[in-house]
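Open your viewer, have the sequence panel ready, and follow along. We will go from stop to stop, with something to select at each one.

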Amino acid sequence: MSTFQSARSIAASVSTGESSAVDVVSQHLARIEEREEEVHAFNLVLHDEALQSAERVDERIAAGEQVGPLAGVPIALKDNLCTRGIPTTCSSNILDGWRPPYDATVVSRLADAGAVFVGKTNLDEFAMGSSTENSAFGPTRNPLDTSRVPGGSSGGSAAAVAAGFSAMSLGSDTGGSIRQPAALCGVVGVKPTYGAVSRLGLIAFASSLDQIGPFTHDVADAALLLECMAGHDPGDSTSIPKPFPSLSESLDRGVAGLRIGRIVDLPSGADADVVASVDRAFEVLADAGAEIIDVTIPAFTYGLTAYYLIAPAEASSNLARYDGVRFGSRVEAADTNSMYMATRGEGFGPEVKRRIMLGTYALSAGYYDAFYGKALKVRRLMAQDFATAYESVDALVTPASPSVAFPFGSKTSDPLAMYLCDSYTIPSNLIGHPAMSVPFGAGENDLPVGVQVLAPAMGEPTMFAVAAELERSAGGNHV
Amino acid sequence: MTGSLKRVSEQIDRGAVERVAKLARLELSDAELDEATTRLAGMMAHFADIDALDLDDVEPMTQPYELVNVLRDDVPLETLDHNEVLAAAPDASDGRFGVPPILGLDL
């Protein structure tokens with residue numbers, strides 16, 4: 001369990017002048033200095049920029065201004081979030097040297113709330129992977145055991161929080177890329193409802209599945225960060241044009257009277273230590289007054305197939321823009337078509353190529369109905385099955401990852417084995433529902449286990465109430 | 001075509017994979033093409049689990065929330081800085097992106 005200071009506590013002490021933002025940021029930069037070579041959480045550390053932002057926060061507070069709920073809080077950004085004038089790589093050689101001409105909406109919103117950005121974090125190239133081993137710049141190591149992966153694709157963001165390099169970080173979750181690394185690194189990770197957080201400035205992987213979300217030391221910090229960045233953005237046409245519900249009241253609500261579902265036909269494959277933690281979570285929730293109800297979601301099992309047809313299909317289309325014309329690297333050739341082929345052949349890594357091929361194949365003439373069309377129908381079944389389950393329960397609880405953090409190289413030779421890491425997280429992306437991972441219990445080698453809490457669309461208040469209860473009973477961090 | 005994924009997975013060969021690479025504008029080495037052929041067939045065989053489902057009367061679902069026609073008022077807004085955008089390109093001159101010839105070559 002994390003022993004680092006919470007973001008709430010940092011913001012409170014900076015806002016009242018009890019501590020300075022410069023001191024807080026310096027402490028975090030010192031930890032980066034000490035362990036970054038070993039962990040490799042970052043593609044870029046914004047050392048000078050962070051100190052300058054912190055100075056501005058301190059000046060504004062000295063001048064009597066209200067800075068915002070994240071005053072002086074050091075935050076790390078996944079390197080697929082656009083930052084104006086600051087390199088943004090998606091951990092890919094194809095974006096070498098690119099500096100975005102605009103900030104992602106979440107970046108502007110957090111800056112407005114007083115946050116200080118300490119760096120851009122490593123990821124599986126274009127967020128395709130579950131271990132951060134697919135980065136063009138080398139893997140990130142799990143700060144809890146550096147012989148093991150931090151999970152992925154947002155492995156750098158999870159590791160940054162777990163190592164105390166930043167108090168919070170942002171990741172993106174297309175099939176589990178926030179929740180699985182959160183589970184493996186022992187931090188809280190949230191995938192919000194699709195459309196709750198603007199995707200403007202998030203470099204697209206699969207547009208109908210991607211969501212930005214927080215990594216934090218505890219559940220209350222995750223609520224705070226989500227509240228600071230959620231809400232309608234006219235710049236994202238899939239942004240929900242409704243106010244995002246308040247989460248702060250949910251944290252102490254408890255679970256008395258809530259109906260929490262156990263999915264009896266969940267795909268098997270979770271390790272015994274993970275299953276034991278999830279069983280214990282149900283006991284704890286029942287002791288706290290929740291009613292545990294068995295439900296079935298027959299389509300859950302088919303989520304992996306639907307996802308690995310839909311996500312690569314969308315990716316093959318989204319990644320068509322990397323053609324050596326408008327951004328990043330180019331391999332010169334005699335004509336435009338040869339330039340496209342050479343640039344993409346050289347610029348993309350093996351997993352990205354694999355998914356572009358899979359997606360292009362699934363969308364190609366003659367196969368569209370058999371692959372992509374069928375997958376979209378499975379997606380509908382998934383939505384229907386979840387809707388039926390939510391007639392009798394308010395939230396669901398499952399494992400976040402089938403295993404604790406695994407050793408480097410143990411799944412890289414078999415892409416399918418790596419894809420199975422996402423079995424429990426994928427359905428929420430397919431249907432746009434929120435889900436989060438909370439550290440709960442320990443498994444093999446005392447490594448953390450993440451329990452996943454799922455809720456219906458815009459059901460974050462209930463989801464956070466359940467997560468907070470699990471955290472309390474696990475003796476969670478409330479510094 | 002409404003064939004099964006299993007049957008399709010059995011038909012994946014190197015020629016099909018080369019065509020897909022061309023469609024995707026991806027230059028792949030011989031080793032990469034061989035790997036892609038094996039991998040694609042393996043994945044499609046795994047994904048054949050959905051062949052068991054009766055999906056005839058199911059409506060496809062393309063996105064979580066079916067928002068349609070999201071329009072804003074038709075008024076000019078601030079746009080990205082022209083020079084800043086061009087500065088990020090591998091080749092730009094005279095206010096335009098630069099590319100190799102596209103005409104007069106056999107594509």
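Two strands are said to pair if DSSP finds at least two bridges between them. Keep that in mind for the first stop, and remember throughout that this is a predicted model.

**Stop 1: a strand with neighbours on either hand**

Select residues 188–191 of chain A, which form strand E5. How many bridges tie E5(A) to strand E10 of chain A, and in which sense do they pair? There are three, and the pairing is antiparallel. E10(A) covers residues 435–442, and within it Met436(A) sits opposite Val190(A).

Now add residues 211–216 of chain A to your selection; this is strand E6. E6(A) and E5(A) are also antiparallel, joined by two bridges. To see one bridge pair, pick out Val188(A) and its partner Thr216(A).

Next, show the side chains of E5(A). Are its faces covered or open? Both are covered: Val188(A) and Val190(A) are buried on one side, while Gly189(A) and Lys191(A) are buried on the other.

**Stop 2: the nonpolar core**

Select Val73(A), Ile75(A), Val116(A), Val453(A) and Val466(A) together. These residues have the most contacts inside the largest nonpolar core, which has 185 residues.

Then centre on Val116(A) alone. Leaving out neighbours within four places in sequence, its contacts include Ala21(A), Val25(A), Ala50(A) and Val57(A). Val73(A) and Ile75(A) are on that contact list too, so to speak two familiar names from the core selection.

**Stop 3: backbone oddities**

Move to the loop between strand E3 (116–121) and helix H5 (155–162) of chain A, where Ser153(A) is found. Zoom in on the peptide bond from Gly152(A) to Ser153(A): this bond is cis, with omega near 10°.

Phe126(A) belongs to the loop between E3 and H5 of chain A. Its phi is positive, about 55°, although it is not a glycine. Is Phe126(A) buried or exposed? A residue counts as buried when 20 or more other C-beta atoms lie within 10 Å of its own. Phe126(A) has 30 within 10 Å, so it is buried.

Now jump to Asn445(A), in the loop between E10 and strand E11 (448–454) of chain A. Asn445(A) is another non-glycine residue with a positive phi, near 55°. Here the surroundings give 12 C-beta neighbours inside 10 Å, so Asn445(A) counts as exposed.

**Stop 4: where the chains meet**

Show both chains. The contact draws on 58 residues of chain A and 51 residues of chain B. On the chain A side, helices H9 (303–318), H10 (336–347), H11 (350–363), H12 (369–389) and H13 (415–419) each supply at least two residues. Colour H12(A) to see the largest share, 12 residues. By class, this side of chain A has 30 nonpolar, 16 polar and 12 charged residues.

**Stop 5: chain B by itself**

Hide chain A. Chain B has four helices and two strands, in the order α-α-α-α-β-β from the N terminus. Why is chain B described as more spread out than a compact globule? Its radius of gyration is 22 Å, well over the 13 Å that the globule rule gives for 107 residues.

Turn chain B around: its C-alpha atoms fill a box of roughly 55 × 45 × 25 Å along the principal axes. Buried residues make up 18% of its 107 residues. Among its contacts between residues at least 6 apart in sequence, 56% join residues at least 24 apart.

Methods:
Residues numbered from 1 in each chain as written. Chains lettered and ligands numbered in written order. Predicted model: local features only at pLDDT ≥ 70, side-chain atom pairs only at ≥ 80, totals over all residues. Contact = placed C-beta atoms within 7 Å. Nonpolar A, V, L, I, M, F, W, Y, C, P; charged D, E, K, R; others polar. Rg over C-alpha atoms; globule rule 2.2 N^0.38 Å. Core = buried A, V, L, I, M, F, W, Y, C linked by C-beta atoms within 7 Å.
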